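Visitor: I should like to learn how the features of a structure are read, one after another. Please take me through an example.

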There are 2 protein chains.
Amino acid sequence: MTWTLPRYPLLIVISGPPGVGKDSVLRRMKELGYPFHFVVTATDRPPRPGEVHGVDYFFLSTEEFLRLEREGELLEHAIVYGEHKGVPKQQVRDAFASGKDVVMRVDVQGAATIRQLAPEAVLIFLTAESEEVLIRRLTERGTETPEKLAERIGKIRWEMNCMENFDYVVVNREGELDRAVAQIAAIIEAEHCRVHPRRVQL
Amino acid sequence: MTWTLPRYPLLIVISGPPGVGKDSVLRRMKELGYPFHFVVTATDRPPRPGEVHGVDYFFLSTEEFLRLEREGELLEHAIVYGEHKGVPKQQVRDAFASGKDVVMRVDVQGAATIRQLAPEAVLIFLTAESEEVLIRRLTERGTETPEKLAERIGKIRWEMNCMENFDYVVVNREGELDRAVAQIAAIIEAEHCRVHPRRVQL
C-alpha cells in the first residue's frame, strides 16, 4: 500500500505598497529559475521605457481590456491611478492544468479582489523595513509626477494596515533581495506540506 | 518610522508512526547546525546500547518521572508500550526566553497532548512513502520483541488517520532524508512569516 498525498497547484499572490520591490522580487525569482508560472498582467497603460509586451505586461487597449472584464475573464482588475490592470483567468487555469504553481504580483487593492475570487490563494505581503525606505524608493524611481508621488505616499500607511488580511509578511530589506526570495520559496514549499491544502478553483 | 514585526519562538512538534525516521530527521537537523533548541525527552525506560543520558534522553527513575508529572511540569507525558515518556516544560521555557525555536519529537499519542496543552504548536506529521517501507524499517531495527512489533504494526493504520489533526505532513522518502529536513526547515521559516503568528504560552 502506497499513500499518495495530493499535490494541488498553488496561487501565490505577492502584494504590498508601491516601491516595496515587488517587481525586483519577481524578476529575481525568474532569474533563479523557480519552476512557477509567473503571471503576466494585462494593462491599458502605455509601456515604460524598456518594458516588453508579453513579458512585463500585456499592453492592451482600453477597449480590449474592458471586453475581458465584461466576460468575467479577469481574476482581478482595478483602476489604479487612472490605469486599468488585471489578470486574465485563462493563464492561471492553463498553468494549473500543467501542475504549475502560479505566482502573481498585484497591488494591495488587487489582493483584496483575489481574496474574494480565490479565497484559497496564498497572500504574501511584501514590505520594506521602514516607511523612509519606501518613500526613498518611490522618489528614486523617478517615473511619477510630484502629484502622483504625494498620492502614493499618502496611501502607504493605509496599505500597511491591510497587512492584517494577508497570510504571510516578508520584509524586503535593502540589499537582501535574495533573503526575501528565499522566504517566499520557503512559504511555497511549506504550503505544499499542509495537511489540509489550499485548493484554488477558478 | 520603522516597522518592527514581532518574532515569537515556535514550538515545532515532529511526530508520526514508529519507524518513520523521526530520530534520523532530528539527528540530521542537529548535524546541519540549525539554530533550534532540540528537546531532550525524559523517559524511565532503560537506555538502548549507545544511548547517552542528556543527549538521547534523560533517563529518569519511574519515581523521578512521576514527580515531574504530579507537579504539572511535563509538556506531554504518555505511557508507550509500558514505558513513561515526557517533555519537561522548563526546558522549553528556557529556550523561548533565549529566543530559540524549540523542536521536539513525540509519538502520535504525545502530539495529541501537545495540541491540547499548546494549541499554537506547529505539528508536523512525518510519514514514509508506503506502509511496506514502514514495516520494513520496524523489522530492521531489531530492537523489538515479535509481540511488540506486531502491536506497533497494528497501530500504523490508526496513526495514519491521525494525520488529519496535524498542520503539515512531510514524507521521509528512502534515501531522501535531506529533502525531508529541508521541508521541515521551510515550514519553520514560513511559520515565522505568518501575519498572525502562533504564539505558544506555557
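Guide: Let us begin with a single residue. B:Leu126 is buried, as 24 other C-beta atoms lie within 10 Å. A residue counts as buried if 20 or more other C-beta atoms lie within 10 Å of its own, as exposed if 12 or fewer do, and as partly exposed in between, with C-beta atoms placed from the backbone.

Visitor: What kind of model is this, and how are its parts labelled?

Guide: It is a predicted model, in which local features need pLDDT of at least 70 and side-chain atom pairs count only at pLDDT 80 or more, while totals for chains, interfaces and linings use all residues. Residues are numbered from 1 along each chain as its sequence is written, and chains are lettered from A and ligands numbered from 1 in the order in which they are written.

Visitor: In which strand does B:Leu126 lie, and with which residues is B:Leu126 in contact, leaving aside neighbours within four places in sequence?

Guide: Helices (H or I, at least four residues) and strands (E, at least two) are DSSP runs, numbered from the N terminus. B:Leu126 belongs to strand β8 of chain B. Two residues are in contact if their C-beta atoms, placed from the backbone, lie within 7 Å. Beyond four places in sequence, the contacts of B:Leu126 include B:Ile14, B:Val20, B:Val25 and B:Val170. B:Tyr8, 118 residues away in sequence, is 24 Å from B:Leu126 in space, C-alpha to C-alpha.

Visitor: How is the packing of two helices described, for instance that of α1 and α7 in chain B?

Guide: One fits axes to C-alpha atoms, for helices over the stretch in contact, and takes angles from 0 to 180 degrees between N-to-C directions. In chain B, the axes of α1 (residues 22–31) and α7 (residues 177–192) come within 10 Å and cross at roughly 75 degrees. α1(B) is therefore roughly perpendicular to α7(B); angles under 35 degrees count as roughly parallel, over 145 as roughly antiparallel, 65 to 115 as roughly perpendicular and the rest as oblique. On the α1(B) side the contact is made by B:Ser24, B:Val25, B:Arg28 and B:Met29, and on the α7(B) side by B:Leu177, B:Asp178, B:Ala180, B:Val181 and B:Ile184. By class these are 6 nonpolar, 1 polar and 2 charged residues. Here Ala, Val, Leu, Ile, Met, Phe, Trp, Tyr, Cys and Pro count as nonpolar, Asp, Glu, Lys and Arg as charged, and the others, Gly among them, as polar.

Visitor: By what turn can chain B be laid on chain A?

Guide: Copies are superposed by least squares on the C-alpha atoms of residues with pLDDT of at least 70 in both. A turn of 180 degrees, with a shift of 0.0 Å along the axis, lays chain B on chain A with an RMSD of 0.0 Å. The two copies are thus related as by a two-fold rotation axis. Within chain B, B:Ala186 comes closest to this axis, at 2.2 Å (C-alpha).

Visitor: How many residues does each chain bring to the contact, and which elements of chain B give two or more?

Guide: Chain B and chain A contribute 25 residues each. In chain B, the elements giving two or more are β8 (122–127), β9 (168–171) and α7. Of these, α7(B) gives the most, with 5 residues. The side of chain B that touches chain A has 15 nonpolar, 4 polar and 6 charged residues. Because 100% of the interface residues of chain B are also interface residues in chain A, the copies meet through the same surface.
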